[in-house]
Amino acid sequence: MFDTVKAYFQMTALVSDSLTDDKALERLGIKLYGNKFFLPHPFGYDNPAVYFDLDEREFWIETSIPKLLQGHNVFGSNRLQYLCLAVARLIYHHLGLLFTRRERQQIEDRRIGLGRADTTCSFRMASLGEVAATVESCWEQLRAEGREWATEGIDDFESVYNQKHSKRVAEKFYAKYVELMVKRHRIPDCVAQRELVLEYAKYLVRFEVTWRAPELRRLGLAYADQWTPQIVRQKIMERMDRLNLQGAIRERLAPKHLDNLNKGDLAFYDLWAQGSNLRPHRHYSPLKRARQNLLKHGVDIFRRPATGNDIALNELLTEENAYFVGPKALTRRGAIFGF
């Protein structure tokens, strides 16, 4: 599903005339702050800013689209063009304008540009404890790989980031239900099927990929009409595969797991089992090769022997176990917009 999106729309003559008509704006109670105004959020979250450029004849908004259209971002749609046009309709309505077929066609013809697009999927766990353990295991794997990681959370790992401040693409694993308990993320009481949505959210691990403008251009996905549900699924799983999450990491290998290992692999394994910290030497080619061989047996010699949980990430975080839109029960009951 799509979450936060920065979308650029063509400004038609109708919108341009509206934004330069001071009397009409005053009558509608719309106040301009330089080159922006605020769109009242239908569900009571912070009002998103709508920016505009009269010379370039465009306006844009960066916001969580599912929150704007359905009141929550636990699940949502992968139909980006449709979602963006629904947002444009809200902006037109706020300006006292009709979003006619002609207006829509002008926007579609000029295409809706993207400065950011967050794609997400969710994996259902068996318990709250498994949610926390899975997020922690993701952190352990990123740390072992020497990636640019960051974490949030005090008692448990609630969020784990990879390349958090990247200007191209960043990833995030987090406990969705824990996020919803934070005041500014709480689902409003007026949202359809709120309690059922929360019940589904309780055991979810969310994987989120933030694509920024340079990466969107590189991928040839810088316009809303280029994204399809199939591409969303494909790009999310490609990023997941790149992280190379290897699955259960055990404290010790059973003797049968040591079969067919060469002397070098066994030597590194023995050093690791005796407590040696091998991660600082992770760029040493023989050590890297030994690690890859030992990963096949369920052990990661870049991690401390007694840490982490026995979580099979490569069995839990699979395409087959992912929600890319949402449960059918929620789509049937109208809790997901434009599925």
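This passage describes the salt bridges of a predicted model and then the surroundings of one of its helices, α11.

Charged pairs make a good starting point. Side chains of opposite charge can pair when their charged atoms come close. Across the whole predicted structure, the search returns 13 salt bridges. Three of these pairs are taken up here, beginning with D118 and R116, whose side chains meet with an N to O distance of 2.8 Å. Both partners are counted as buried because their relative accessible areas fall under the 20% cut-off: the value is 1% for D118 and 17% for R116. The pair also belongs to a wider arrangement, since E62, R116 and D118 are linked in a network of salt bridges.

A second pair joins E171 to R239, and here the closest N and O atoms are 2.6 Å apart. E171 sits in strand β8, which spans residues 169-175, while R239 sits in helix α10, residues 229-243, so this salt bridge ties together parts that are 68 residues apart in sequence. Burial is again found on either side of the contact: E171 has a relative accessible area of 2%, and R239 has one of 8%.

The third pair is formed by E195 and R194, with 2.7 Å from N to O. How does E195 stand with respect to solvent accessibility, buried or exposed? With a relative accessible area of 54%, E195 is exposed, because this value lies over the 50% cut-off.

Helix α11, covering residues 263-273, offers a second view of the model. Its buried residues are D265, F268, Y269 and W272. Around the helix axis these residues cover an arc of only 100°, and they are therefore placed on the same side of α11. As for what this buried set meets, the buried residues of α11 pack against α12, residues 285-295.

The two ends of α11 can be described as well. At the N-terminal end, N262 acts as the cap, with a side-chain oxygen of N262 lying 3.1 Å from the backbone nitrogen of G264. Past the other end, G275 comes just after α11 and adopts a positive phi of about 105°.

Taken together, the picture of α11 runs from the N262 cap, through the buried residues that pack against α12, to the positive phi of G275 just after the helix. On the charged side, the picture includes the network of E62, R116 and D118 and the link between β8 and α10 made by E171 and R239.

Terms used:
Residues are numbered from 1 along each chain as its sequence is written. This is a predicted model: local features need pLDDT of at least 70, side-chain atom pairs count only at pLDDT 80 or more; totals for chains, interfaces and linings use all residues. Side-chain values use heavy atoms; hydrogens and water are left out. A salt bridge is a side-chain nitrogen of Lys or Arg within 4 Å of a carboxyl oxygen of Asp or Glu. Buried means under 20% relative accessible area, exposed over 50%, partly exposed in between (1.4 Å probe, protein chains only). Helices (H or I, at least four residues) and strands (E, at least two) are DSSP runs, numbered from the N terminus. The arc is that of the directions from the helix axis to the C-beta atoms. Contact means heavy atoms within 4.5 Å. A polar contact is a pair of N or O atoms within 3.5 Å; within protein, one must be able to donate a hydrogen and the other to accept it, and residues adjacent in sequence count only if both atoms are side-chain atoms.
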